[in-house]
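Hello,

Please find the model below, followed by notes on its fold. Could you look through them when you have time?

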Amino acid sequence: MSNSTETLSEYELERGKPMPSTIHSLVQGNLVYLLKANYNKTYHILPELSLDTPEKPSVPDIAIYPKFEIDWRNDTIKRNDVPLATVEILSPTQSLDELVEKAHRYFQSGVSSCWIVLPSMKAIAVYTSADTYNFFNETDTLLDSPLSVKLAVADVFK
């Protein structure tokens with residue numbers, strides 16, 4: 001997060017996280033595209049969704065939900081049901097510890113997995129519990145066992 005001498009933007013204040021960078025945006029777009037292209041029949045892939053999580057509200061970069069009926073007349077501002085998985089992409093002004101702590105909070109809420117994407121390393125850690133993760137680099141195929149999701153990590157960083 002920004003240090004105390006900087007003024008936080010409205011985006012940062014509202015979402016409780018740093019403003020996304022160019023690389024962050026590219027990676028997020030690639031992940032949304034890849035997940036939708038391969039798993040659209042099984043999951044809803046929802047970027048920047050507000051969650052009303054117990055400890056404090058949260059906005060993961062991507063939330064993955066099982067398919068549900070969409071009521072186009074009644075939108076939900078903050079979801080209080082827990083996604084199956086969340087994806088957080090490390091921004092240049094964030095510490096990895098911040099995202100690991102966020103993953104712990106997601107697990108306390110009931111998610112099955114949490115991905116932490118490390119753009120500068122072209123790698124993704126897929127947590128399946130607060131203390132258990134698999135690390136995938138750009139030569140690997142990511143596997144999220146609880147969701148049965150597989151992705152070529154290299155495609156995320158194209």
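Helices (H or I, at least four residues) and strands (E, at least two) are DSSP runs, numbered from the N terminus. In those terms the order of elements from the N terminus is α-α-β-β-β-α-β-β-β-β-β-α, with four helices and eight strands in the protein.

The model is predicted: local features need pLDDT of at least 70 and side-chain atom pairs pLDDT 80 or more, while totals for chains, interfaces and linings use all residues. Residues are numbered from 1 along each chain as its sequence is written, and side-chain values use heavy atoms, without hydrogens or water.

Six strands make an open sheet of mixed pairing, ordered β1-β2-β3-β4-β5-β6; two strands pair if DSSP finds at least two bridges between them. At the edges are β1 (43–47) and β6 (132–137), each paired on one side only. Neighbouring strands are turned by 20° against each other on average, direction ignored; axes are lines fitted to C-alpha atoms, for helices over the stretch in contact (heavy atoms within 4.5 Å), and angles run from 0 to 180 degrees between N-to-C directions.

Within the sheet, β2 (residues 62–66) and β3 (residues 85–89) are antiparallel, with three bridges. One residue of β3, A85, is the bridge partner of I64.

Two helices lie across strands of the sheet. Helix α2 (residues 22–39) crosses β1, β2, β3 and β4 (113–118), at about 165° to β1. Helix α3 (residues 96–109) lies across β3, β4 and β5 (123–129), at about 165° to β4.

Of the contacts with a separation of 6 or more, 49% join residues 24 or more positions apart.

Regards
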